[in-house]
Amino acid sequence: MRNEEMLLVPGPTPVIDAIYDAMASETRGHTDPRFVAIFKHAIEQTRQLFQTDGEVFVVAGSGTTAMEMALVNTVAAGEKVLVVSQGYFGDRFIQLGEAFGIEVDVLQSEWGKQVAPAAVEKKLATGQYKAVTITHADTSTGVAADLDALVPVVKKHGALVILDGVCATAAMEENMSKTYGHPDYKIDVVLTGSQKAIGVPPGLAIVAFNQAALAARKQLGRIPAYYCDINNWQPIMQDPGKYFATPPVNLIYAYEEGMKLVLAEGLSNRYVRHTAFGKAVRAALTEYGMKALAEEEAAASTLSCILYPDGVDDSAFRAALAKKGIIVAGALAHLAGKAFRIGHMGNTTEEMLKKAIELIGDTLNELGHPVDSAKAVERFNKEVLTSV
Ligand SMILES: *Cc1c(COP(=O)(O)O)cnc(C)c1O
């Protein structure tokens, strides 16, 4: 790998040489048949990823663009959305809704915990909600949503399930053909970005709409969007040789390469691998007196938000760790300074995480917090083995 540093922030995530090489291929015109073939393949791979009977959209943008596309194409001004929020990124849907005059209700869990399905049920019983947004893995807290519990509740009440997969897609199951207890109970929209568990550089917004969600778009007529209006993109997704707005040609090369790796590894293998990584990283860090914010049953397999033991200074820790080539992220909002966030997803390998655990221990020792790195690495190895 030609990376000089180990990028363990919860996105962007490590990019590997094959993806860099693809990205550095010659830029061609967006209607050049050689590019169109690659774009077409990328769209096909995205369909395989989500297994949807509907339509996928791959456009230039970030995860937030994808969130906007999901919401504005399904819910009109004045209609109601329930935001199930397990942290900072869940809350982003509140602002998005407000920007478009959508009525937003929120169920916000205590940071580190899940929103109880019973609370969602109770809320949905009080009124007509067009859609419910669920963040699959909230990147601020490391809390995962329990889709098996939430999807049936939402569908029973006739609302659309909009799933934010930005920090989960390709690492945690998001199968849109999967039924949740009833043949009609399925995830309606999944939105994601290229730079997290998919492991491609940032810059692509990816959204999948099932037939029910496409029907919702149809019903809306004109919407307050142009670039984000899926009606403008649908002809391009069906025939990538057509033009609406210039696709990011080199990023599409990178994404197509990244998706080849995702599908070659196999989705179910990836779910198992990420589960093992999450468990092993969190267990190993407890050897240092560190503790995950999320309860283990609710913990995301893609990233963890880790509380410092008493007396560890956040900036000093992250700066010293960065000097050793390991980059982790600070925590957000009221957790800033009290925790750090570590990604363990995408192209990240067991070897990399082992090294990171060791160097985190070395860093703590340097900062005057004596810990046993070897023991933590041993714990990591053991947990990885028992989880796979
Ligand atoms: C990163 C992230 C986003 C925002 O994505 P951007 O690419 O930064 O716009 C949204 N939701 C979740 C869950 C995320 O992890």
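A cavity is a set of grid points where a 1.4 Å probe fits but cannot get out. The legends below describe views of a predicted model.

**Figure 1. The largest cavity of the predicted model and the residues that line it.** The space in this largest cavity comes to about 40 Å³. Its lining consists of H30, W233, I236, P240, K242, Y243, F244, A245 and P247. By class, the lining residues of the largest cavity are seven nonpolar, one polar and one charged. Across the whole structure, a search finds three cavities of 30 Å³ or more. Rolling a probe the size of a water molecule over the atoms shows where empty space is left.

**Figure 2. The largest pocket and the residues nearest its centre.** The largest pocket holds about 470 Å³ of space. Its lining is made up of 22 residues, and those nearest the centre are H136, A144, A145, M172 and S301. Two or more lining residues come from each of the elements α6 (147-156) and α10 (267-286). Of the elements, α10 contributes the most to this lining, namely four residues.

**Figure 3. The chemical character and domain origin of the lining of the largest pocket.** Ten residues of this lining are nonpolar, four are polar and eight are charged. Both domain 1 (17-264) and domain 2 (267-387) take part in the lining of the largest pocket, each supplying at least three residues.

**Figure 4. The surroundings of T348 in a loop.** T348 is placed in the loop that runs between β15 (339-343) and α12 (350-366). Is T348 buried or exposed? With a relative accessibility of 2%, T348 counts as buried, because buried means under 20% relative accessible area. When its neighbours within four places in sequence are left aside, T348 contacts L8, P14, R273, F277 and L353.

**Figure 5. Cysteines C305 and C228 in a structure with zero disulfides.** A disulfide is a covalent bond between the sulfur atoms of two cysteines. How many disulfides does the structure hold? The number is zero. For C305, the closest cysteine sulfur is that of C167, and the two sulfurs are 12 Å apart, so they are too far from each other for a bond. The cut-off for a disulfide is a pair of cysteine sulfur atoms within 2.5 Å. C305 is also buried, at 1% relative accessibility. C228 is likewise buried, and its relative accessible area is 8%.

Methods: Residues numbered from 1 in each chain as written. Predicted model: local features only at pLDDT ≥ 70, side-chain atom pairs only at ≥ 80, totals over all residues. Heavy atoms only, no water. Buried < 20%, exposed > 50% of the residue type's maximum accessible area, 1.4 Å probe, protein only. Contact = heavy atoms within 4.5 Å. 1 Å grid on protein atoms, 1.4 Å probe; cavity = no way out; pocket = protein on both sides within 12 Å on 5 of 7 lines; lining within 4 Å. Points joined across faces, edges and corners; volume = space filled by probe spheres on them. Nonpolar A, V, L, I, M, F, W, Y, C, P; charged D, E, K, R; others polar. Domains from an automatic or database assignment.
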